[in-house]
Structure formats: structure tokens, C-alpha cells
Amino acid sequence: MKVKIKSWMGVATWRWIANDENCGICRMSFENCCPECSLPGDDCPLVWGACSHCFHMHCIVKWLNSQPNSQQCPMCRQNWKFNIQ
Amino acid sequence: MANMAVSRIKREFKEVIKSEEIVQCSIKIELVNDSWTELRGEIAGPPDTPYEGGKFLLEIKVPETYPFNPPKVRFITKIWHPNISSVTGAICLDILKDNWAAAMTLRTVLLSLQALLAAAEPDDPQDAVVASQYKHNYSLFLMTARHWTNAYAGGPSRFADCDQKIQRLKDMGIDEHKARAVLSMENWDLEKATESLFS
Ligand SMILES: [Zn+2]
Ligand SMILES: [Zn+2]
Ligand SMILES: [Zn+2]
């Protein structure tokens with residue numbers, strides 16, 4: 001028997017693996033991008049801190065820029081360090 | 001207003017409305033205008049405090065830079081508390097200043113204010129007169145705070161002695177709030193209050 005493929009449809013899903021469901025800064029779900037972006041995915045990545053809290057990169061960068069004197073995680077107040085994975 | 005501020009406030013609003021504290025009527029939040037920049041909060045005075053039985057209204061202004069900067073919050077309802085100005089309603093609370101974090105929400109702010117009513121910090125005062133009464137004449141502070149809760153926030157405790165002294169000053173042509181404020185500041189000493197009003 002010979003099978004001829006006439007058409008096919010690609011179906012794929014992806015999700016970020018985060019400890020929480022929402023970004024603690026913008027409170028949007030990690031399935032979505034931050035409010036300043038329009039498409040989730042590589043353009044609006046997630047980042048983790050050494051404390052293991054996770055945020056949209058755009059959100060945490062804005063937060064750190066708004067804190068000239070201290071660089072603390074907005075969830076646990078430990079000193080913020082990017083956790084390079 | 002900035003995208004982030006509006007979308008955050010909208011989400012928080014939904015969260016607060018579903019929260020347990022709303023169901024128990026201990027905190028409340030309302031919109032003042034369509035632009036989401038100004039909100040009205042309400043907290044119930046915590047039990048076993050001189051604020052018990054009172055409802056306290058709060059003015060909440062959301063800055064363009066929210067949540068990277070804290071909301072500006074002030075008591076609209078007049079209150080006698082060491083960390084809240086009895087004149088302007090301005091609040092001295094670390095999380096509304098240097099200790100703000102972007103992960104905090106309107107709900108955590110309202111709950112922190114409720115906690116502040118239950119545990120004053122007289123060593124870090126906003127109102128020096130109230131703080132000094134709190135430290136040096138605690139029973140008088142309790143009476144004054146209860147009296148203000150009754151007069152402005154619908155609390156249950158009436159003090160005939162306070163009412164009489166206020167009436168005496170009103171009879172001299174002094175406005176009721178002014179009379180109450182001066183008597184409170186002068187530890188309910190009618191003579192001293194009169195002196196400070198007419199000197
Ligand atoms: Zn975010
Ligand atoms: Zn983004
Ligand atoms: Zn953290």
C-alpha cells in the first residue's frame with residue numbers, strides 16, 4: 001500500500017517553565033508577553049534571579065532601572081542577580 | 001497613562017474584588033474616574049483597637065510609573081494615629097516610600113494600612129503631637145482615637161466629657177472640627193485649649 005500525503009498541518013505547543021504563573025511585576029501570565037510587547041516568545045523572554053524568582057526580562061530591567069540605590073528582587077528583596085541558565 | 005500602569009491596575013482591581021477581605025467587608029476599592037489614575041479605598045478599623053467599628057476612606061493616586069513607584073495614598077477620613085497626620089491624612093509607612101516593591105499591590109497596601117492601625121510606630125511619627133500623647137499618656141490617646149473614630153468614621157464609642165468640652169468651644173464660635181483638634185492636642189484641657197485658640 002502506498003500512502004500519499006496530500007496535505008499536513010503542523011501542531012506544536014510551547015510554554016515557559018517558570019515557578020509561578022504570573023509575572024510579579026506586570027501580573028500578566030507568563031504565557032503572555034509583558035504589556036509593552038505584542039507577541040510572547042523570544043522577543044519578550046523570561047529571566048530568573050539567583051533567588052529563583054522569575055519575571056519578564058523587560059519588567060525586571062525596568063524595575064532595576066527604577067531603583068538607583070539598590071538592586072533587589074521585587075518579590076523577596078534579596079539582592080538581585082541574573083541566574084544564567 | 002502608561003500601558004503597564006493601566007493594565008496592572010485593571011488586573012489588580014479584578015483580584016481585589018475576588019479576594020477574601022472584600023467578602024468579609026474589611027477592605028474595599030472603587031474607581032473614581034475612567035482613567036484608572038485615581039481610586040478610592042476603604043478599610044475597616046481592626047478589632048481590639050481604638051479604630052474598631054470605624055470605616056476609613058483613602059485617596060489612592062496611581063502614578064504613571066506604577067508599579068515601579070508606589071501609589072500615593074492618604075487618609076480622607078480624619079484619624080488620630082501617630083503615623084498619620086491628623087491635619088492632612090498623610091501617611092508615614094515604609095512600603096509607600098523607600099520599601100516599595102513592584103510585586104506589591106493595592107491589596108497589600110490596604111492590608112498594610114490596616115496592620116498599621118493595629119500596630120502604631122510612635123518612634124517614626126508622622127504626627128508628632130499624637131505620637132507624644134501615645135508615648136506619655138496612652139489612656140488619653142486611646143480615648144482620643146476612639147472619639148475621633150466615632151466622630152469621623154462611624155465608630156461606636158461616645159465620650160460625654162469630650163462632647164461637652166467641644167460644645168463649650170463651639171459656644172464661643174469655634175468650628176467643631178477645630179475645637180476637637182485643639183482639645184485633642186491639649187490633652188482635653190479646656191483651659192489650655194481656649195488659651196491656644198485665643199492667644
Ligand atoms: Zn512582566
Ligand atoms: Zn516584553
Ligand atoms: Zn526573589
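Domain 1 of chain B and domain 2 of chain B bury about 1300 Å² between them, 76% of it on carbon and sulfur atoms. Pro50(B), Lys78(B) and Trp80(B) supply 57% of the area that domain 1 buries against domain 2, more than any other three residues. The model is predicted.

Domain 1 of chain B covers 2–118, and domain 2 covers 128–198. Their C-alpha centres lie 27 Å apart. Domain 1 brings 14 residues to the contact, and domain 2 brings 19 residues. No salt bridge is counted between the two domains. Polar contact joins 3 residue pairs there, both residues at pLDDT 80 or more. On the domain 1 side, the touching residues are 6 nonpolar, 5 polar and 3 charged.

Chain B also meets chain A. The contact takes 16 residues from chain B and 15 residues from chain A. Met4(B), Arg11(B) and Phe68(B) supply 41% of the area that chain B buries against chain A, more than any other three residues. There is 1 salt bridge across this interface. It pairs Arg27(A) with Glu15(B), the closest N and O atoms being 3.1 Å apart. On the chain B side, the touching residues are 8 nonpolar, 4 polar and 4 charged.

The table sets out both interfaces.

| Interface | Buried area | Share on carbon and sulfur | Residue pairs in polar contact |
|---|---|---|---|
| Chain B and chain A | about 1400 Å² | 56% | 5 pairs |
| Domain 1 and domain 2 of chain B | about 1300 Å² | 76% | 3 pairs |

In chain A, the unreviewed UniProt entry places "domain: RING-type" at residues 34–77. The end C-alpha atoms of this span lie 22 Å apart, and the span is 20% helix and 14% strand.

Definitions and conventions: Residues numbered from 1 in each chain as written. Chains lettered and ligands numbered in written order. Predicted model: local features only at pLDDT ≥ 70, side-chain atom pairs only at ≥ 80, totals over all residues. Heavy atoms only, no water. UniProt positions renumbered as here; feature names shortened; annotations may be inferred. Helix = DSSP H or I, 4+ residues; strand = E, 2+ residues; numbered from the N terminus. Contact = heavy atoms within 4.5 Å. Buried area = accessible area lost by both parts, 1.4 Å probe. Salt bridge = Lys/Arg side-chain N within 4 Å of Asp/Glu carboxyl O. Polar contact = N/O pair within 3.5 Å; in protein donor to acceptor, adjacent residues only side chain to side chain. Nonpolar A, V, L, I, M, F, W, Y, C, P; charged D, E, K, R; others polar. Domains from an automatic or database assignment.
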